[in-house]
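Subject: Structure for your files

Hello,

The structure we discussed is below. My notes on it follow, so please read them with the model open.

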Amino acid sequence: MGGAAMLVLIVSTLTEFLSGVEGTARTCYFGPPPKPDPDNPDHWMKQVMTEIRERYPGRRGRSPAEEGPTEPGPAIVPCLNPRPLGMEDKTIPDERISASSHMDCFRGSCLATDARLNSNKRWAPKSNADSWIEVDLAVRTVVSGVTTQRGPKGVWYVEKYKVSYQRQPSSDRVHVTDQDGDTKVFNGNTSSNTTVTNLFDESVVATTVRIEPIQWHTWIGLRFELVGCRLD
């Protein structure tokens, strides 16, 4: 390899390397390069890079090849006309509705499956603390909000709640957030039988959705519907 070609290769290598350096200043490499081996140019290049790293104490950003594959962030899927996803009309079957616990109510059960919007019953947990009710949507679905309703008699209802979800069954559970990225607390119901619909700041794509009551009147009593758009 000629001297001019070697110089060009060294300068190119330095440029690529130093472009990834993290810091406010750059330090140039001085000194003779390793002696090239014409029969093994790849080995010579590795020697050059090793020499540069040893002489330059800063940190270097990793290339995409070094980083390896990364999981893409969740795409924002628009849902221009959110519609009920199947709690009230039982498109979502009973076996896909679960809860932290349920109370044995004196006027009938207070099962998770009693939490359907406009049902003549309601879900009520055995213990209010850390309680939740969850819907398995079976497939990835755009969820845009939640409609809640108090119990039929109006004595028990959820005043405030959070919503968490999983993008895939194996994914970590995350909370719906506000525009600042903080977990959003939604206002629920009052003594009125009127339904309250809370739309998310951004729709989410989820396979499971969990409602987590954090404030209630007398006891947790809840009926609800999820609203959004089916991806299929």
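**Disulfides, strand 5 and the cores**

Cys-79 is a buried residue, its relative accessible area being 12%. Please keep in mind throughout that this is a predicted model.

Cys-79 is bonded to Cys-229, with an S to S distance of 1.9 Å. The torsion about that S-S bond is about 80 degrees, so the disulfide of Cys-79 and Cys-229 is right-handed. Cys-79 sits in the loop between helix 3 (64–67) and strand 3 (83–84), while Cys-229 belongs to strand 10 (residues 223–230), so the bond ties together parts that are 150 residues apart in sequence.

How many disulfides does a search of the whole structure find? It finds 2. Besides the link just described, Cys-105 is joined to Cys-110, with 1.6 Å between the sulfur atoms. The link of Cys-105 and Cys-110 is left-handed, with -115 degrees about the S-S bond. Both Cys-105 and Cys-110 are buried. With the bonded cysteines numbered in sequence order, the pairing reads 1-4, 2-3.

Next, the strands. Strand 5 (residues 133–149) is mostly covered, with 13 of its 17 residues buried. Which strands pair with strand 5, and in what sense? Strand 4 (residues 97–99) pairs with strand 5 in the antiparallel sense over 3 bridges, and Ala-99 has Ile-133 of strand 5 as its bridge partner. Strand 9 (residues 196–217) is also antiparallel to strand 5, over 11 bridges; here Glu-134 has Arg-210 of strand 9 as its bridge partner. Strand 10 pairs with strand 5 in the antiparallel sense over 8 bridges, and in this pairing Thr-141 stands opposite Arg-230 of strand 10.

For reading the strands, it helps to recall that side chains in a regular strand alternate between the two faces of the sheet.

Now the nonpolar cores. In soluble globular proteins, nonpolar side chains tend to be buried together. The largest nonpolar core in this model has 27 residues, and those with the most contacts inside it are Ile-133 and Phe-224. Strand 5, strand 6 (157–166), strand 9 and strand 10 are the elements that give two or more residues to this core. Leaving aside residues up to four places away in sequence, Phe-224 touches Met-87, Ala-115, Arg-116, Leu-117, Ile-133, Val-135, Val-146, Thr-147, Thr-148 and Ile-211. A second core of 5 residues is separate from the largest one, and its members include Cys-105, Cys-110, Ala-124 and Trp-156. Cys-105 and Cys-110 are thus members of this second core as well as disulfide partners.

One residue outside the strands is also worth a look. Where is Arg-96 placed? Arg-96 is in the loop between strand 3 and strand 4. Is Arg-96 buried or partly exposed? Its relative accessible area is 32%, so Arg-96 counts as partly exposed. Arg-96 touches Glu-134, Val-135, Asp-136, Leu-137 and Ala-138, again leaving aside residues up to four places away in sequence. From Arg-96 to Glu-134 the C-alpha to C-alpha distance is 8.1 Å, and the two residues are 38 apart in sequence. Glu-134 is therefore a residue to view twice: as a contact of Arg-96 and as the bridge partner of Arg-210.

Regards

Definitions and conventions. Residues numbered from 1 in each chain as written. Predicted model: local features only at pLDDT ≥ 70, side-chain atom pairs only at ≥ 80, totals over all residues. Heavy atoms only, no water. Disulfide = S-S within 2.5 Å. Helix = DSSP H or I, 4+ residues; strand = E, 2+ residues; numbered from the N terminus. Buried < 20%, exposed > 50% of the residue type's maximum accessible area, 1.4 Å probe, protein only. Pairing = 2+ DSSP bridges. Core = buried A, V, L, I, M, F, W, Y, C linked by side-chain atoms within 4.5 Å. Contact = heavy atoms within 4.5 Å.
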